[in-house]
Amino acid sequence: MVTITIIRDLRTAVCTMGVFEAVSDKKKGKVTGYTLEPPWRDNRPFESCIPPGVYKGFKRIKGTGKWDYDVIELIGVPGRKNIQLHAGNYPKNTTGCVLLGSERGVNAVWQSKIKLRELIDFCEGEDIQVVIKEIKEVV
């Protein structure tokens, strides 16, 4: 199983940012990077990041959703559906999903498609679990 742990470490007026690490119980190595989500707005669909917790995930193949690339979709998010880890750089690129990047800036993540592809490849053939831990710092 691949466990993707997201640690939310910064909240701004327009987004929630964090770091992630993916590790496998079957293979060596890990994938690390940064995350960007909407700010917390009481888990309102299309406006808020999702609650912290442990979620099962699966690889959604390109062409089976709105993206022209593979994404990781979460299962069992309370009051939400179609929550995904996908590519994007800015808060305007997410309506509740988690954006991934190799680098981060002010309210942004960079090299998102590259980092997503790295994570998708790392998860290949394995079950996926996503653990989201709460914000440590509020700005």
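These are my notebook entries on what I looked up in this structure, which is a predicted model.

**Entry 1: the opening strands**

I began with how the strands pair. Strand 1 (2–11) and strand 2 (16–24) run antiparallel and are joined by nine bridges. I checked one pair by name: Arg-11 has Thr-16 in strand 2 as its bridge partner. Between the two strands I found a hairpin, which connects them through four residues.

Next I followed strand 2 onward. It pairs with strand 3 in the antiparallel sense, over eight bridges. Here I noted Glu-21, whose bridge partner in strand 3 is Thr-32. These two strands also form a hairpin, this time with five residues between them. In that turn I stopped at Gly-29, which has a positive phi of about 90 degrees.

**Entry 2: strand 10 and its partners**

Which way does strand 10 run beside strand 1, parallel or antiparallel? I found that strand 1 and strand 10 pair in the parallel sense, over six bridges. Thr-3 stands opposite Gln-129 of strand 10.

Strand 10 also pairs with strand 4 (residues 53–60), and there the two run antiparallel with five bridges. I wrote down two neighbouring examples. Val-54 has Val-131 as its bridge partner in strand 10, and Tyr-55 has Val-130.

Strand 4 has a further partner in strand 5, again antiparallel and again through five bridges. My example here is Phe-58, which is bridged to Glu-73 in strand 5.

A reminder to myself for looking at any of these: in a regular strand the side chains alternate between the two faces of the sheet.

**Entry 3: the nonpolar cores**

How many residues does the largest nonpolar core have? I found 26, and those with the most contacts inside it are Ile-4, Ile-72, Leu-74, Leu-85 and Leu-119. The elements that give two or more residues to this core are strands 1, 2, 5, 7 and 10, together with helix 1. Helix 1 supplies the largest share, five residues. Apart from this core lies another one of five residues, among them Cys-15, Met-17, Leu-36 and Leu-99.

I then picked Leu-74 from the largest core and listed its contacts. Leaving out residues up to four places away in sequence, Leu-74 touches Ile-50, Tyr-55, Lys-56, Gly-57, Ile-83, Leu-85 and Val-130.

**Entry 4: three buried residues**

Thr-35 came first on my list. It lies in strand 3 (residues 30–37). Thr-35 counts as buried because its relative accessible area is 0%, and the cut-off for buried is under 20%. Beyond its neighbours within four places in sequence, Thr-35 is in contact with ten residues I could tick off by name, including Ile-6, Met-17, Phe-20, Leu-100 and Val-109.

Met-17 sits in strand 2. At 1% relative accessibility, Met-17 is buried too. The C-alpha atoms of Met-17 and Tyr-34 are 7.4 Å apart, with their positions 17 residues apart in sequence numbering. Among the contacts of Met-17 away from its sequence neighbours are Ile-7, Leu-10, Thr-35, Leu-36 and Ala-108.

Ile-50 is in the loop between strand 3 and strand 4. Is a loop residue like Ile-50 buried or exposed? Ile-50 counts as buried, at 0% relative accessibility. Its C-alpha lies 8.1 Å from that of Pro-78, although the two are 28 residues apart in sequence. Among the residues Ile-50 touches are Arg-8, Trp-40, Tyr-55, Leu-74 and Ile-132.

**Entry 5: one residue on the helix**

I turned to Glu-118, placed in helix 1 (residues 112–123). Glu-118 counts as partly exposed because its relative accessibility is 34%, which falls between the 20% and 50% limits. I also looked at Glu-118 and Phe-20: they are 98 residues apart in sequence and 13 Å apart in space, C-alpha to C-alpha.

**Entry 6: the largest pocket**

My final look-up was empty space. Rolling a probe the size of a water molecule over the atoms shows where such space is left. The largest pocket holds about 380 Å³. Its lining has 20 residues, and those nearest its centre are Phe-46, Lys-81, Asn-82, Thr-95 and Cys-97. What classes of residue make up the lining? I found nine polar, six charged and five nonpolar residues.

Terms used. Residues are numbered from 1 along each chain as its sequence is written. This is a predicted model: local features need pLDDT of at least 70, side-chain atom pairs count only at pLDDT 80 or more; totals for chains, interfaces and linings use all residues. Side-chain values use heavy atoms; hydrogens and water are left out. Buried means under 20% relative accessible area, exposed over 50%, partly exposed in between (1.4 Å probe, protein chains only). On a 1 Å grid over the protein atoms alone, a cavity is a set of points where a 1.4 Å probe fits but cannot get out, and a pocket is an open set with protein on both sides within 12 Å along at least five of seven lines; lining residues have an atom within 4 Å of a point. Grid points are joined across faces, edges and corners, and a volume is the space filled by probe spheres set on the points. Ala, Val, Leu, Ile, Met, Phe, Trp, Tyr, Cys and Pro count as nonpolar, Asp, Glu, Lys and Arg as charged, and the others, Gly among them, as polar. A nonpolar core is a set of buried Ala, Val, Leu, Ile, Met, Phe, Trp, Tyr and Cys residues joined through side-chain atoms within 4.5 Å. Contact means heavy atoms within 4.5 Å. Two strands pair if DSSP finds at least two bridges between them.
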